[in-house]
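This briefing sets out the fold, the helix, the strand pairings, the core and the loops of a single chain. Please read it alongside the sequence and the structure shown here.

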Amino acid sequence: MYLHRHYYTLYQCITECSLNLKNHIITDIYSQEKNTLIIQFEYQGIIQALEFSMNSGNSCMYLKGKSHKAKNNAVSIFPELIGMQFIDCTIHPFDRIIKISLTGASIVVLFYGGASNAIYSFSKD
């Protein structure tokens, strides 16, 4: 069993993200490796990055300090989300589905082994 995508490990990661990213603003969203999504946040000069790896059989998420974006191999993803504020992070009560709530949008990450994926949706407010 891979503990980094185990439900209770993800639950603890979600709790940590909710506490540490409160009021942070998205400053960049990109990928610089295959099957990886990096969301960079900033608040009062503190920069943190939430990284999702969607590799088949080895998917995981983790929160780290500033992420160094490669100059050549990075691709911007979801540019509409830059400038939005982090509100909360939750996990589905019975599955490995994580929802990151932002002001005006949500990012949903599905941890299903080889079928892991990240999607986002805008609210119509």
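Two strands are taken to pair if DSSP finds at least two bridges between them. The model discussed here is predicted. The chain holds 1 helix and 9 strands, which follow one another along the sequence in the pattern α-β-β-β-β-β-β-β-β-β. Of its 125 residues, 42% count as buried. Among contacts between residues at least 6 apart in sequence, 47% join residues at least 24 apart.

**Strand S1 and its partners**

- S1 (25-31) and strand S2 (36-43) run antiparallel, and 5 bridges join them.
- Together S1 and S2 form a hairpin that leaves 4 residues between the strands; in this turn, asparagine 35 has a positive phi of about 65°.
- Within this pairing, tyrosine 30 stands opposite isoleucine 38 of S2.
- S1 also runs antiparallel to strand S5 (residues 75-76), to which 2 bridges join it.
- In the pairing with S5, serine 31 stands opposite valine 75.
- Of the 7 residues of S1, 5 are buried, so S1 is largely enclosed by the rest of the structure.

**Helix H1**

- H1 has 14 residues, and the distance from its first C-alpha to its last is 20 Å, close to the 20 Å expected at 1.5 Å a residue.
- The buried residues of H1 are Tyr7, Leu10, Cys13, Ile14, Cys17 and Ser18.
- These buried residues lie on the same side of H1, because they cover an arc of only 135° around the axis.
- The other side of H1 carries the exposed residues Tyr8, Gln12 and Leu19.
- The packing partners of the buried residues of H1 are S3, S4, S6 and S7.

**The largest nonpolar core**

- In soluble globular proteins, nonpolar side chains tend to be buried together.
- The largest nonpolar core of this model has 29 residues, of which Ile39, Leu50, Phe52, Met61, Leu81, Ile98 and Ile100 touch the most other members.
- Two or more residues of this core come from each of H1, S1, S2, strand S3 (46-53), strand S4 (60-64), strand S6 (86-91), strand S7 (97-102) and strand S8 (105-110).
- H1 supplies the largest share of this core, with 5 residues.
- Isoleucine 39 is in contact with Ile26, Asp28, Ile29, Gln48, Ala49, Leu50, Phe52, Ile100 and Ile107, leaving aside its neighbours within four places in sequence.

**The aromatic pair**

- How many aromatic pairs does the count come to? The count comes to 1 aromatic pair.
- The partners are phenylalanine 41 and phenylalanine 86, in an edge-to-face arrangement with 5.9 Å from centre to centre and 90° between the planes.
- Phenylalanine 41 lies in S2 and phenylalanine 86 in S6, so their pairing ties together parts that are 45 residues apart in sequence.
- Both rings belong to buried residues: phenylalanine 41 has a relative accessible area of 0%, and phenylalanine 86 has a relative accessibility of 2%.

**The loop between H1 and S1**

- Asparagine 23 lies in the loop between H1 and S1, and its phi is positive, at about 70°, although asparagine 23 is not a glycine.
- Is asparagine 23 buried, partly exposed or exposed? Asparagine 23 counts as partly exposed because its relative accessibility is 32%, which falls between the limits of 20% and 50%.
- Histidine 24 is found in the loop between H1 (7-20) and S1.
- Histidine 24 counts as buried because its relative accessibility is 4%, under the limit of 20%.
- Beyond its neighbours within four places in sequence, histidine 24 is in contact with Phe41, Glu42, Tyr43, Ile46, Gln48, Met84, Gln85 and Phe86.

**The loop between S2 and S3**

- Glutamine 44 lies in the loop between S2 and S3.
- The phi of glutamine 44 is near 50°, a positive value in a residue other than glycine.
- Glutamine 44 counts as exposed because its relative accessibility is 68%, over the limit of 50%.

Technical notes
Residues numbered from 1 in each chain as written. Predicted model: local features only at pLDDT ≥ 70, side-chain atom pairs only at ≥ 80, totals over all residues. Heavy atoms only, no water. Buried < 20%, exposed > 50% of the residue type's maximum accessible area, 1.4 Å probe, protein only. Contact = heavy atoms within 4.5 Å. Core = buried A, V, L, I, M, F, W, Y, C linked by side-chain atoms within 4.5 Å. Phe/Tyr/Trp six-rings, centres within 6.5 Å; stacked < 30°, edge-to-face > 60°. Expected span 1.5 Å × (residues − 1). Arc of directions from axis to C-beta.
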